[in-house]
Amino acid sequence: MESFRLNSRYLKTLYFFMLMGAGFVAPFATIFYKHTLLNSDGTTADDLIGWIYFFMPLAGIAANIPAGIAADRLHLGRHLITFFCFGAAVFTLLTGLGGTSYAMELSLNTRFIWIFSMVMLYSIFQMPIIPTVDAETMSLLNTYNKRESYGTFRVYGTAGWSVACIIMGFVLDSYYYLPIIFYATAIGFAVLGFVSLKGIKSRQGLKRVEIPWKHLKEDKLFRLFLVFALLNGIVFNASFIYTSYFFDDVLETPLQIGLIFGTWTVFEIPIMIYSKKLIGIFGNRWLIIIGLFLNGIRLVIFSLFTLETPFFYKWAAATIQGAAFGMIHLGSIDFIDRQSHHKMRSTYMNIANVARITLASAIGGKLGAMIISKSGAGSLMLQTGIASILLIIFFYMFVKGHGPEKKTVN
């Protein structure tokens, strides 16, 4: 059990700094693009932002699946985490330079090419980190028959996200210098890289693993889940990517934006802590279904917000996000782990990541920009909210998921 304790501490620390790095950039990146990619008349070049969010996740595909295969076949999971963290740190730092006073004096096309290129390179390194950490965690938990306890690890990531969002909101409110979004993220990934170094083990004596591709080929249920993951990812990413864009219109200060992003995880925390009990009661099937419904309701409520809407109402509605995301994410990780072969956990996680994050972000990012350009960010919130609720029908009819396992409650 000493080995489990040490590895648990290592992985929980990774989750904290991994999501801290994401918390610095994910909620605020769209604001950076919104105020740096400007047309000559001072309006935002929404079409260019859309192209960034279309190609950014596609760049990640170049690394996702190869990383999963290498992690499973060569036992390189922790080595890859370290490599990708340092790479992500370098290119997030360079992305921030696109918002400096010098860069703002350049033409829009020149500034866009720089930001676009750095974001693509950043994505190649950043995209495989989360699924690889998830695979390492599930491998450890399955070794000690603790599969349903994934949430007790992931909750440390929730804490890191919350801390980062609030800090960044406070910093921007006090010192409105947008490149700092990416500078802070670079520091976060660099710290994560140094932390991950401690968990690297000697590969001496480890043998190459023959990946059982036949298992994946015959897994029809997983393929149906990938279709669902893609559709849900499009809806989720189309709304999430532009949430800060929307908040920039309906909230008064960056601090309010940071507070909402940092505290909307309040209900995610108990969901992760009691993950074993929740999986036992609901199974991944009903966790995902309930999460889809809550997410849809949240987005529909968002669409009603204006600048005059009291901040408390906006914050209260936003807290639904924690419960919605927590249930969908917990259910999805449990589903993927149940379907995967024990020699293919990282491969399965990275393939699922391609569907629900990379491809979905590409389509959702461009689709979201088109809707905003045509009818505004509020309309995007409404349409994605309705779509989230409709996805319940698809999931219930075709994917179904795994039902409750009462025995896991004890």
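**Exercise 1. Which residues make the nonpolar surface patch of about 860 Å²?**

Solution. The structure is a predicted model. In it, the patch is made by Leu224, Trp286, Leu382, Ile386, Leu390, Ile393, Tyr396, Met397 and Phe398. The next step is to assign the patch to secondary structure: helix H19 (residues 377-399) gives the most, with seven residues. Ile393, one of the patch residues, lies in this helix H19.

**Exercise 2. Determine whether helix H4 (residues 77-96) has the expected span, and state how far it is enclosed.**

Solution. Begin with the length: H4 has 20 residues, and at 1.5 Å a residue these should span 28 Å. The expected span is 1.5 Å times one less than the number of residues. Next, compare this with the model, where the end C-alpha atoms of H4 are 29 Å apart, which agrees. Finally, consider burial: 14 of the 20 residues of H4 are buried, so the helix is largely enclosed by the rest of the structure.

**Exercise 3. Establish which residues of helix H2 (residues 29-36) are buried, and what follows from this.**

Solution. First, list the buried residues: Ala29, Thr30, Ile31, Phe32, Tyr33, Lys34 and Thr36. These are seven of the eight residues of H2, so the helix is largely enclosed by the rest of the structure.

**Exercise 4. Describe the surroundings of Arg298.**

Solution. Locate the residue first: Arg298 is found in helix H15 (residues 275-302). Then examine its charge environment: Arg298 is buried yet has no salt bridge, and the nearest side chain of opposite charge, Glu268, is 10 Å away. A salt bridge would require the charged atoms to be within 4 Å. Lastly, with neighbours within four places in sequence left aside, Arg298 is in contact with Trp264, Ala317, Ala318, Ile320 and Gln321.

Conventions
Residues numbered from 1 in each chain as written. Predicted model: local features only at pLDDT ≥ 70, side-chain atom pairs only at ≥ 80, totals over all residues. Heavy atoms only, no water. Helix = DSSP H or I, 4+ residues; strand = E, 2+ residues; numbered from the N terminus. Buried < 20%, exposed > 50% of the residue type's maximum accessible area, 1.4 Å probe, protein only. Lys, Arg positive; Asp, Glu negative; His and termini not counted. Contact = heavy atoms within 4.5 Å. Patch = residues over 30% accessible without salt bridge, like charges linked within 9 Å, V, L, I, M, F, W, Y side chains within 5 Å. Areas by Shrake-Rupley, 256 points an atom, 1.4 Å probe, with all protein chains shown as cover.
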